[in-house]
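Trainee: Could you take a close look with me at one part of this model, the place where the two chains meet? I would like a connected account of it, with a word on the cysteines at the end.

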Amino acid sequence: MVLAPADRAAVLALWRKLGTNVGIYTTEALERTFVAFPSSKTYFLHLNLSPGSAQVRAHGQKVANALVLAVNHLDDLPRTLSYLRELHTHKLRVDPVFFKLLCHCLLVTLARHYPGDFSPNMHASLVRFLNHVISALAPSSG
Amino acid sequence: MVHFTTEEKAAVASLWTKVNVEVVGGESLARLLIIYPWTQRFCDSFGNLCSESAIMGNPKVKAHSRKVPNSFGNASKHMDDLKGPFADLSELHCDKLHVDPENFRLLGNMILIVLATHFSKEFTPQMQAYH
């Protein structure tokens, strides 16, 4: 799977704009996932999930670091994210549908914070980028 | 069948009084057609859907887009019996048009994202969950 040049350029441009704030938005995305899809909390029962939790913030930063890594290695996501795939698939046994829910909440978060940048084409590029990440991270669900 | 608390019903109804149904509907439907191109098969008679600008400017997309949020707005006033307002639409989309139910979930996601762009402050995690 290869991301088209236009999608690549759009995602890179937005990521430059997000700068060092990616962790803020991935944390909000996690919080939204827990509220909108409560069954997702099953993977985080060892954490304090109350609003503003430092532990959720810390995990949000891990997600951010992984996405920044993905953005910088768009040509080889499967190899770049292989250690995360191993962790989430075999050790944590995360249902692949969870990644789709988290990505949807990330899109809601980015749309909310960057409404002027969130054109339909940017939205489409982000969906394709996140689908690439999910493919590299999780086994196919069907 | 989902049951909503008084607080949830009030929050959803309050947000939808501020929604410009034509704008939200248009953007939501356009995003669905752009991001998930297979949904265009249900719009064969709409004319030119070959690009973002063509879809955003398509008069038939705009005309259809008024219907979608109107039905959602109507539903927000009947949250104790959501099946009622949607009964005729359910028969139309499922039995006549053969729309796969997954596409309704995708359209719902588009509506949430468009609401997030228009109501940045109000669209808290709780508000998202109520929807």
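Mentor: Happy to! Across the interface of chain A and chain B, 7 residue pairs are in polar contact, with both residues of each pair at pLDDT 80 or more; that filter is there to apply, as this is a predicted model. On the side of chain A that touches chain B, helix H2 (22–36), helix H6 (96–113) and helix H7 (120–137) each supply at least two residues. H6(A) gives the most, with 6 residues. Sorted by type, the residues on this side of chain A come out as 11 nonpolar, 4 polar and 2 charged.

Now take both sides together. In all, 17 residues of chain A are in contact with 20 residues of chain B. The two chains bury about 1,700 Å² between them, and 62% of that area lies on carbon and sulfur atoms. As for salt bridges, the count between chain A and chain B is 0.

Next, the cysteines. Over all chains, the structure holds 0 disulfides. A disulfide here needs two cysteine sulfur atoms within 2.5 Å, so two examples are worth following. For Cys105(A), the closest cysteine sulfur belongs to Cys103(A) and is 9.5 Å away, too far for a bond. Cys105(A) is also buried, at 0% relative accessibility. For Cys50(B), the closest cysteine sulfur is in Cys43(B), at 14 Å, which is again too far for a bond. Cys50(B) is exposed, with a relative accessible area of 66%.

Key. Residues are numbered from 1 along each chain as its sequence is written. Chains are lettered from A and ligands numbered from 1 in the order in which they are written. This is a predicted model: local features need pLDDT of at least 70, side-chain atom pairs count only at pLDDT 80 or more; totals for chains, interfaces and linings use all residues. Side-chain values use heavy atoms; hydrogens and water are left out. Buried means under 20% relative accessible area, exposed over 50%, partly exposed in between (1.4 Å probe, protein chains only). Contact means heavy atoms within 4.5 Å. Buried area is the accessible area (1.4 Å probe) that two parts lose on being put together, summed over both. A salt bridge is a side-chain nitrogen of Lys or Arg within 4 Å of a carboxyl oxygen of Asp or Glu. A polar contact is a pair of N or O atoms within 3.5 Å; within protein, one must be able to donate a hydrogen and the other to accept it, and residues adjacent in sequence count only if both atoms are side-chain atoms. Helices (H or I, at least four residues) and strands (E, at least two) are DSSP runs, numbered from the N terminus. Ala, Val, Leu, Ile, Met, Phe, Trp, Tyr, Cys and Pro count as nonpolar, Asp, Glu, Lys and Arg as charged, and the others, Gly among them, as polar.
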